[in-house]
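Subject: Structure handover

Hello,

Here is the structure I promised to send over. Please open it first, then read the notes below.

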Amino acid sequence: MNRVLYFPHPPFEFPDADREFLISQKRADSAVHKNVSYRPAENKVRGFEGSPEVLERLTGIMRNYSQQVVSFVRHFLAPYDGGYKLDFASFRPLEEEGRALPIHKRNDLLHVDAFPTRPTHGGRILRVFTNIHPIKPRVWNVGENFPVLAEHLAQDAGLNRFAAAGDTTRWAAIPRAFGAPIPHRSAYDRFMLHFHDFLKENATFQTDSPKIRMEFPSMATWLVFTDGVPHAVLGGQHALEQTFIISRGALVKPEAAPISVLEKLCGRALAANPH
């Protein structure tokens with residue numbers, strides 16, 4: 001599964017009242033946070049300022065969305081049930097078109113996902129999106145398959161250098177010993193973080209690489225491995241999203257995972273073998 005799987009309507013319950021509440025909220029801190037994040041393990045919302053009553057309602061809506069998506073994914077993608085880590089959910093209230101952001105934070109440039117604070121060690125990033133805007137579509141560009149992308153650009157991005165350097169275990173252990181929140185990143189995680197930025201900086205890739213424009217209408221839902229599908233968000237407002245990290249050992253087609261593609265190109269292991 002290296003493309004976008006589309007549903008014209010959510011394949012789970014999402015009440016109209018919840019949608020109406022979300023799109024009615026005005027956020028005073030929008031210049032600071034582009035997303036409202038929900039952490040299922042803590043049942044907490046981050047990136048939103050409001051009264052306790054509004055925050056409680058928002059938390060309940062995000063919790064319900066997360067639980068509904070999880071129930072759907074567990075049944076629809078049954079081979080992955082028990083083989084994933086539930087990551088954050090988010091509400092994206094801002095209009096994507098025309099946002100003035102630093103280049104590495106721009107959503108309208110083709111990129112593959114990598115998380116600075118949550119390394120996957122070769123696991124895959126599966127994301128479920130729902131466009132809750134009552135009228136506007138959410139507009140994406142979708143690029144070429146990851147094996148083609150990696151074959152064309154991974155070596156130029158320094159894949160062999162990252163592979164030879166290995167992971168951060170030796171150096172990161174020192175600041176972690178003093179309480180600094182430095183995650184343990186494999187060579188794969190370090191390269192993918194760099195590749196994310198490299199693609200956004202590459203003007204030739206942005207303009208000349210093959211891409212398909214996709215429009216997701218109101219209440220459409222779609223699933224995509226965003227670490228392996230180059231994507232850019234050109235426009236749209238008010239979307240919900242839930243992320244899963246599928247462990248490498250649970251993958252149905254491990255050979256299609258970006259880490260497998262990259263290891264084949266560089267001839268080295270980029271992360272410890274999955275258990």
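Start with aspartate 156. It counts as exposed, at 61% relative accessibility. Aspartate 156 sits in the loop that links α3 and α4. Pair it with glycine 50 for a sense of distance. The two are 106 residues apart in sequence, and their C-alpha atoms are 46 Å apart.

Please keep in mind that this is a predicted model.

**The chain as a whole**

The chain holds eight helices and 10 strands. Its radius of gyration is 19 Å, close to the 19 Å that the globule rule gives for 275 residues, so the chain is as compact as a globular protein of that length. Along the principal axes, the C-alpha atoms fill a box of roughly 55 × 45 × 40 Å.

Buried residues account for 51% of the 275. The exposed surface comes to about 13200 Å², and carbon and sulfur atoms supply 54% of that. Now take the contacts between residues at least 6 apart in sequence. Of these, 84% join residues at least 24 apart. As for charge, there are 33 positive and 29 negative charges, and their mean positions lie 4 Å apart.

**Two helices to look at**

Helix α2 covers residues 52-76. At 1.5 Å a residue, its 25 residues should span 36 Å. The end C-alpha atoms are 36 Å apart, so the two values agree. Several α2 residues are buried, among them Leu58, Ile61, Met62, Tyr65, Val69, Phe72 and Val73. Gly60 and Ser66 of α2 are buried too.

Helix α6 covers residues 187-201. The expected span for its 15 residues is 21 Å, and the end C-alpha atoms are 21 Å apart, which agrees. How many of the 15 residues of α6 are buried? The count is 11, so α6 is largely enclosed by the rest of the structure. The buried set includes aromatic residues such as Tyr188, Phe191, Phe195 and Phe198. Asp189, His196 and Lys200 are also buried in α6. What covers the buried residues of α6? The cover includes α3 (146-153), α4 (159-165), α7 (203-208) and α8 (258-266).

**A loop that meets α6**

Proline 119 is in the loop between β4 (84-92) and β5 (124-131). It is partly exposed, at 21% relative accessibility. The cut-off for buried is under 20%. Beyond its neighbours within four places in sequence, proline 119 contacts Pro183, His184, Arg185 and Asp189. Asp189 is one of the buried residues of α6. Alanine 250 is 131 residues from proline 119 along the chain, and the C-alpha atoms of the two are separated by 17 Å.

**A strand residue with many partners**

Phenylalanine 88 belongs to strand β4. At 23% relative accessibility it counts as partly exposed. Which residues is phenylalanine 88 in contact with, leaving aside its neighbours within four places in sequence? They are Tyr38, Arg39, Pro40, Arg118, Glu241, Gln242 and Thr243. Tyr38 and Arg39 fall in the range of β2 (36-39). Glu241, Gln242 and Thr243 fall in the range of β10 (239-246). Alanine 41 is 47 residues away from phenylalanine 88 in sequence, yet their C-alpha atoms are 8.7 Å apart.

**Two residues with positive phi**

Most residues other than glycine have a negative phi. Two here are worth a look.

Asparagine 43 has a phi near 50 degrees, a positive value. It is in the loop between β2 (36-39) and β3 (44-46). Its relative accessible area is 33%, so it is partly exposed.

Methionine 219 has a positive phi as well, near 70 degrees. Its loop runs between β7 (211-216) and β8 (221-225). Is methionine 219 buried or exposed? It is buried, with a relative accessible area of 13%.

**One more exposed loop residue**

Glycine 249 is in the loop between β10 and α8. It is exposed, with a relative accessible area of 53%. Serine 37 is 212 residues away from glycine 249 in sequence and 28 Å away in space, C-alpha to C-alpha.

Best wishes

Conventions
Residues are numbered from 1 along each chain as its sequence is written. This is a predicted model: local features need pLDDT of at least 70, side-chain atom pairs count only at pLDDT 80 or more; totals for chains, interfaces and linings use all residues. Side-chain values use heavy atoms; hydrogens and water are left out. Helices (H or I, at least four residues) and strands (E, at least two) are DSSP runs, numbered from the N terminus. The radius of gyration is taken over C-alpha atoms; the globule rule is 2.2 Å times the number of residues to the power 0.38. Buried means under 20% relative accessible area, exposed over 50%, partly exposed in between (1.4 Å probe, protein chains only). Contact means heavy atoms within 4.5 Å. Accessible areas come from the Shrake-Rupley method with a 1.4 Å probe; for residues, only the protein chains shown count as cover. Lys and Arg count as positive and Asp and Glu as negative; His and the chain ends are not counted. The place of a charge is taken as NZ of Lys, CZ of Arg, CG of Asp or CD of Glu. The expected span of a helix is 1.5 Å times one less than its number of residues.
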